[in-house]
Amino acid sequence: MNPTSKITSSHLSRLAIVYLRQSTMAQVRENPESTLRQYGLASTAAELGWPSEQIVVIDADLGVSGRFGSERDGFREIVSRICLGEVGAVFGLEVSRFGRSNADLTRLMELARLTDTVLVDADGVYDLGNVNDRILLGLKGQMSEVELHFLMGRLHGAKLAAAHRGELRGPLSVGFVYDDEGFVVKDPDQQVAGAVADLFAEFARTGSALGVMKAFADAGRQFPQRAWGGVWAGKLKWGRLTHARVLQALKNPAYAGAYTFGRSSDVRRVQPDGTVRSSRRKRAREDWTVTIQDHHEGYICWQEYLDIEAKLAANNTRKGARPVREGTALCQGIIMCGACGGRIGTRYDRADSKVTYSCQIKDAQRTQKCRTVAATTVDDAVSDLFLATITPEQIAAAIAVADEVTDRHASTHRAAELAVDRARYEADRAERSFVNVEPENRLVARTLETRWEAKLAELVEAEAALATAKAAKPPLPERGALQALAADLPQLWDSPTTSHRDRKRLLRTQIADVTLLPETDREQVRIGVRWHTGATDEITVARRGPGRTPVAVVNMVRELGATLTSRQLAEQLNAAGLVTGKGKSFTATNVAQVRDAYKIWAPRTLAIADGEISVRHAAELLGIPADAVYNWLRLGQVPARQGPSGRWCIPWDNHTQQIYRDKVANSFRLKPTQQPHAGEAV
């Protein structure tokens with residue numbers, strides 16, 4: 001049978017679609033002949049009788065894998081047009097390769113049969129209404145899928161065998177290159193290798209990926225990145241070091257000298273609309289397919305890589321970790337409640353002058369033995385125990401850390417010096433190019449002169465960066481001075497140059513956790529300390545401030561609180577020579593805080609006169625929170641008077657009402673819930 005006899009006038013009256021597909025952009029770039037052949041199918045459609053205006057070329061899937069049809073815009077467009085009855089024929093180099101999934105081809109065949117659409121490739125014309133054509137095309141599709149399965153199996157087996165030998169080559173991480181014999185070695189470019197080494201050195205110093213990023217940013221340093229794919233393949237670019245790049249480097253086992261394969265796997269999910277989505281999921285280290293330690297020279301050892309992995313996990317607050325913070329609380333993150341087993345949180349007041357440890361368990365699960373204690377009570381006891389326990393061997397380890405800091409300073413300066421050397425080389429090279437050009441060739445000379453000036457500007461910037469790096473790192477003390485200072489560890493601990501973060505990190509090297517143990521005496525605090533060695537200690541100290549109200553003050557407030565106002569009580573307490581827990585004289589505000597803490601109620605007196613309203617009533621009339629009115633009163637921005645008991649009374653006349661309404665109207669934060677009326681009565 002002549003294949004053209006299958007094409008009828010009904011087919012010619014509809015569209016002819018030419019479908020183009022190649023699996024990757026690399027195939028599109030490196031195999032242009034296949035692309036040209038597919039575009040040439042448009043002329044085949046014209047030879048079979050379709051007018052040029054009815055020939056539609058769909059090339060949206062060039063560079064898109066045919067594994068799932070739902071992920072290909074071009075394939076979806078063909079299916080939708082076939083369903084609408086707009087298509088008379090679909091052209092392709094090989095119809096059985098329209099998709100790598102036989103399910104997609106079967107679906108296309110069924111829709112083509114229902115809408116009387118023919119499929120055309122180099123082997124002929126397929127009328128899906130003809131059972132023989134349908135069997136033939138279905139068989140070719142199944143054979144194509146099986147062929148692909150065996151090919152992929154053999155290719156993957158070869159890759160796996162090479163990976164087990166550590167010989168499967170792939171894109172290397174920045175800082176590594178292949179030598180002439182194909183072995184992985186450190187990048188001979190000292191600036192690149194120095195930047196990678198400094199990244200790990202900064203992490204050892206700061207203990208966090210964010211700290212590394214900030215250190216590079218503060219020093220004005222850039223980090224190398226090697227491009228893969230496209231015209232920039234294999235070329236090195238320098239740019240700003242981001243948090244994601246730091247994590248990528250810290251989690252990469254190649255920097256520990258290890259060869260790995262199979263660190264991630266494909267995961268497919270079927271969406272509610274029937275589409276299939278693929279994603280890459282990282283595997284746990286014990287599930288990696290291949291791990292060969294000491295495969296090549298690394299920037300860190302394998303144990304350091306494991307330590308970094310543990311440190312990053314300890315910094316992950318999303319998984320419940322409690323890393324070191326900048327606050328003054330020494331035991332932050334490692335203190336637990338011994339009554340309920342929950343965690344103890346740290347609370348700072350606005351001025352950061354009072355820090356407390358408080359059990360964070362929910363009120364429904366909170367026990368009567370859960371405590372809220374001043375942070376200094378626990379911190380002083382724990383730090384005294386820590387300093388008394390440190391051994392001479394641990395002091396020697398601290399001296400070794402100081403030596404590492406000295407080396408780190410030198411490496412930081414070295415990286416900036418290498419950048420200057422590179423910039424000077426580029427400037428000299430541009431100068432030689434400019435000098436060697438013929439003077440008559442003015443266009444070339446002008447271009448080379450501009451390039452030379454740009455390289456000279458880069459040299460000036462590199463020299464300025466070197467000066468900044470040296471100025472940012474203050475000179476370190478001599479080793480003898482450090483040994484004398486380390487011998488007196490308490491002096492080093494209390495030194496103003498020692499940051500709160502450094503104290504916490506030093507404490508955590510020895511102490512695993514601290515527990516507030518239940519104590520029947522509310523004036524005592526019992527503290528349990530567990531060391532990393534498994535040993536435990538228990539300390540009992542007196543509960544103290546800052547800010548703890550003396551017992552004599554509480555007794556006097558209990559005795560006179562029911563009959564005297566807070567202002568009157570403050571006068572009585574000051575006359576008796578009593579002071580607050582911070583050693584200050586009493587005010588009405590201090591007394592009110594004592595009443596609130598110990599549930600001592602003030603006498604209720606009617607302080608509101610005729611024509612006045614309370615703060616809460618005014619807030620309701622204005623449709624705003626009462627806290628906003630209290631803030632205005634504290635700042636003296638609105639008229640009001642304060643009664644003997646300290647209660648605010650607002651004269652609610654027309655003038656005062658207008659003042660309050662203007663305050664609400666001029667505030668961009670306040671959103672009144674109701675509009676007050678001009679003549680609203682009290």
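## A helix across a four-stranded sheet

In this predicted model, helix α12, which spans residues 375–389, lies across β14, β18 (511–517), β19 and β20, and runs at about 40 degrees to β19. The four strands that α12 lies across form an open sheet with mixed pairing, in the order β14-β18-β19-β20. Strands β14 (335–337) and β20 (536–542) stand at the edges, and because each has a single partner strand, one side of each is left without a neighbour in the sheet. From one strand to the next, the twist averages 25 degrees.

Within this sheet, strand β19 (residues 524–531) and β20 run antiparallel and are joined by seven bridges. Val525 can be used to locate this pairing, since it stands opposite Val541 in β20.

## The surroundings of Thr356

Thr356 belongs to strand β16, which covers residues 355–359. Is Thr356 buried or exposed? Its relative accessible area is 15%, and Thr356 is therefore buried, the cut-off for that class being under 20%.

When its neighbours within four places in sequence are left aside, Thr356 is in contact with Gly345, Thr346 and Arg347, and also with Thr372, Val373, Ala374 and Ala375. Of these partners, Ala375 carries the number at which helix α12 (residues 375–389) begins.

## The pair of helices α18 and α19

Helix α18 (residues 551–560) and helix α19 (residues 566–575) have axes that come within 11 Å and cross at roughly 135 degrees. The two helices are therefore oblique to each other, because an angle counts as roughly antiparallel when it is over 145 degrees and as roughly perpendicular from 65 to 115. The crossing in which α18 passes α19 is right-handed.

Which residues meet where these two helices are in contact? From α18 there are Val553, Met556, Val557 and Leu560, and these meet Leu569, Gln572 and Leu573 in α19. Sorted by class, the contact of α18 with α19 has six nonpolar residues and one polar residue, with no charged residues.

## Two aspartates with positive phi, and a hairpin

Most residues other than glycine have a negative phi. Asp116, although it is not a glycine, has a positive phi of about 55 degrees, and a positive phi of about 55 degrees is likewise found at Asp294, which is not a glycine either. Asp116 is found in the loop between α6 (102–114) and β4 (118–121), while Asp294 lies in the loop between β13 (290–292) and α11 (302–315). As for accessibility, Asp116 is partly exposed, with a relative accessible area of 34%, whereas Asp294, at 68% relative accessibility, counts as exposed.

The loop that holds Asp116 leads to β4, and β4 in turn forms a hairpin with β5 that has two residues between the strands. Strand β5 (residues 124–127) runs antiparallel to β4, and four bridges join them. In this pairing, Asp121 stands opposite Gly124 in β5.

## The protein as a whole

The protein contains 23 helices and 23 strands. Of its 682 residues, 38% are buried. If contacts between residues at least 6 apart in sequence are considered, 60% of them join residues at least 24 apart.

Note on methods: Residues numbered from 1 in each chain as written. Predicted model: local features only at pLDDT ≥ 70, side-chain atom pairs only at ≥ 80, totals over all residues. Heavy atoms only, no water. Buried < 20%, exposed > 50% of the residue type's maximum accessible area, 1.4 Å probe, protein only. Contact = heavy atoms within 4.5 Å. Pairing = 2+ DSSP bridges. Axes fitted to C-alpha atoms, helices over the stretch in contact; angles between N-to-C directions. Parallel < 35°, antiparallel > 145°, perpendicular 65-115°, else oblique. Left-handed = near helix turned anticlockwise from the far one by under 90°. Nonpolar A, V, L, I, M, F, W, Y, C, P; charged D, E, K, R; others polar.
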